[in-house]
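Here's a quick tour of a protein with a bound ligand. Have the coordinates open and follow along as we go from the ligand site to a few individual residues.

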Amino acid sequence: MCGIVGYVGNKNCVPILIQGLKRLEYRGYDSAGIGLIHEDEPIVIKTKGKVSLLEERVNELVLESEIGIGHTRWATHGIPNEQNAHPHTNANKTLFIIHNGIIENFQALKNNLIILGYKFESDTDTEVLAHLIDSYLNKGINLSKSVQMTLNEVNGTYGLAVMYSKEPDKIIAARKGSPLVIGIGAGENFIASDVSAILAYTKNVIYLEDGEFAEIYKDRYVVKSILDKEIEKEIHEINMSIDEIDKGGYPHFMLKEIMEQPESTRNSMRGRLLIEEGSAKLGGLNDIIDRLVNSKRILISACGTSWHAALVGEYMFEQYARIPVEVEYASEFRYRNPILSGEDSIFFISQSGETADTLAALKEAKSRGALALGICNVVGSTIARESMSGVYIHAGPEIGVASTKAFTAQLVVLALITLLISKRKGLKPSDGKKIADALNEIPSKIAQILKLNDEIEQLAEEFKDSPNFLYLGRGYNFPAALEGALKLKEISYIHAEGYPAAEMKHGPIALIDENMPVVFIAPKDSTYEKILSNIQEVRARGGRIIAITDEGNGEIDKLVDHTIKIPRTIEMLTPILTSIPLQLLAYHIAVKKALDVDQPRNLAKSVTVE
Ligand code: M6R
């Protein structure tokens, strides 16, 4: 949700800002802008659309500056256009501000500023901050203090960076609810929403916490608390290379990330799966394992794809650990006055670790005394740091907005947690061994499924013009149906719905005719016979059926129009395998419709607003 990058040093910051924004574009891509000081003149350049358009404008102007800030936007207040793009400025354009988050009381602040004579050029909440800071600067207060005083008046969330041409040696940054990192270089320093923007220049970063405020100069930085006290911050070394966040020869990040899944799932279980013992070890849960195992209830909360993973986790934990599980959208959980106690454990699943709804739900759970645990991909992300304990999924950076490899890695980690807690709850060694062996084979089975890429591309050609899709599955594959439908919606803009297959007869069956493609997720598991009946029901109404089933299953061929056959695994792990063809189908349909697969309209990778 909006990308922020800033530089102060001895180099020309223009290419650094543009490259940084390109790496951050997954966070928002409806408009972009930079602010800098060229030959002592403050300059702001903004464009509607992608960073490449901004780059063209900037290149025409041949600008040089040793300090600058840049922003790529995901609109909240005001449509995507040049006026609403960041940086926003004060009236005489000496001050620039870029912001990620939402200023909730912006209207009241704006009304006061209008009374004082301030004129607004945009519809954004952010512009209010520019004028409010300006109102303090006009009283002779320095930039740092002016920003602090402004933030004291603000309700809402922000990750922000501010520059002022009359104090051209520093960038001011502040965080509350939206992530920011400071990159530490030699004679140069950076600010960014996440490390991907600055990884090409430094691996040493400081994570700002909520309520923290920083003055960043080329050769030093100062971090202060909300009470204006200087804070000693730990410098973290990032263990990720720039190659890991490039496309590696694939046309899209999404395809690269789909194809990486043999390796990413292997990485998720590396050093954690104890094959001989039929168990798992997860260092992040060591300190709280007794409390977790003795929980009266486990809750899992998340959003979007991570919520689908949570649903699979519910099936896993209940089947093997026999602990009651509830799954809840984070956005609903936090506002419904949930009944929680110290006997509850609650997992928060988030790829980015920055999702605002999930983070707020986590804080709510902590405040009510539950054991709040994180399952995140991004190391050092806010949810990872705010959790009482947790597990990283180690899927590697996921840049495509549609989540793919993070989903399968989340399922692997949930399976490892299932093994760990079920062993403590008396899981038979032979069952533990069966799960561990099956998990160990998952990466090679995914590699086998990926060989069906061409076959699935042909299916995409046949179905790309269908305006609607239904995805049906049962048991462990009901969440896979939801996920398949979400993938298609997100990137191809085709209306798709996922349902438990048995629910079809309670309503969605009315939609079925010869124009409705229905994707059945039908591995030969305990629900298979039942799902065959659902297939018959669709067939009787002329629906066009694609079935995902096991290799060697011949009987289904005559009932459906197309089958995608995948290797067998144990029931609890089937969604890891069945989700792969669904990802490929969505991907190829979107490509054939010439859509922007990695940056679909209206979406953002990291949803840091409520
Ligand atoms: O980073 P998170 O896992 O917390 O993100 C949650 C959702 O925003 C995310 O899964 C979203 O639904 C994806 N675009 C799915 O592809």
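A residue is called buried here when its relative accessible area is under 20%, and exposed when that figure is over 50%. Keep in mind that this is a predicted model. With that cut-off, Asn 90 counts as buried, because its relative accessible area is 1%.

**Around the ligand**

- Where does the ligand sit? The ligand is found in the second largest pocket.
- Two elements each give two or more residues to the shell around the ligand: helix H9 (304-321) and helix H16 (477-492).
- H9 makes the largest contribution to that shell, with 3 residues.
- There are 14 residues around the ligand, and the ones that come nearest are Ser 306, Ser 350, Ser 352, Thr 355 and Glu 490.
- For polar pairs, start with Ser 350: an N or O atom in its side chain is 2.6 Å from an oxygen atom of the ligand.
- Lys 487 also offers a side-chain N or O atom, and this one is 3.0 Å from a ligand oxygen.
- With Thr 305 it's the backbone that takes part, as one of its polar backbone atoms lies 3.0 Å from an oxygen atom of the ligand.
- On its own the ligand has 410 Å² of accessible area, and the protein covers 91% of that.

**Asn 90 and the loop it's in**

- Look for Asn 90 in the loop between strand S5 (88-89) and strand S6 (95-100).
- What does the side chain of Asn 90 reach at 3.0 Å? Its partner is the backbone nitrogen of Leu 95.
- Setting aside neighbours within four places in sequence, Asn 90 is in contact with Leu 95, Ala 130, His 131 and Asp 134.

**Gly 473 and Ser 466**

- Gly 473 belongs to strand S22 (residues 468-473).
- Is Gly 473 buried or exposed? Gly 473 is buried, since its relative accessible area is 0%.
- Not counting residues up to four places away in sequence, Gly 473 touches Phe 478, Ala 481, Tyr 499, Pro 500, Ala 501, Ile 521 and Ile 531.
- Gly 473 and Asp 169 are 304 residues apart along the chain, and their C-alpha atoms are separated by 59 Å.
- Ser 466 is in the loop between helix H15 (453-463) and S22.
- Ser 466 has 7% relative accessibility, so it counts as buried.
- Leaving out neighbours within four places in sequence, the contacts of Ser 466 are Ile 494, Pro 517 and Arg 544.

**Backbone oddities**

- Which residues does a cis peptide bond join? They're His 86 and Pro 87, with omega at about 0 degrees.
- Pro 87 is in the loop between strand S4 (67-73) and S5.
- Val 62 isn't a glycine, yet its phi is positive, at about 45 degrees.
- You'll find Val 62 in the loop between helix H2 (51-61) and S4, and at 62% relative accessibility Val 62 is exposed.
- Arg 322 is another residue other than glycine with a positive phi, near 55 degrees.
- Arg 322 is in the loop between H9 and strand S18 (325-329), and Arg 322 counts as exposed because its relative accessible area is 64%.

Technical notes: Residues numbered from 1 in each chain as written. Predicted model: local features only at pLDDT ≥ 70, side-chain atom pairs only at ≥ 80, totals over all residues. Heavy atoms only, no water. Helix = DSSP H or I, 4+ residues; strand = E, 2+ residues; numbered from the N terminus. Buried < 20%, exposed > 50% of the residue type's maximum accessible area, 1.4 Å probe, protein only. Polar contact = N/O pair within 3.5 Å; in protein donor to acceptor, adjacent residues only side chain to side chain. Contact = heavy atoms within 4.5 Å. Near = heavy atom within 4 Å. Areas by Shrake-Rupley, 256 points an atom, 1.4 Å probe, with all protein chains shown as cover. 1 Å grid on protein atoms, 1.4 Å probe; cavity = no way out; pocket = protein on both sides within 12 Å on 5 of 7 lines; lining within 4 Å. Sits in = over half its atoms within 2 Å of the grid points.
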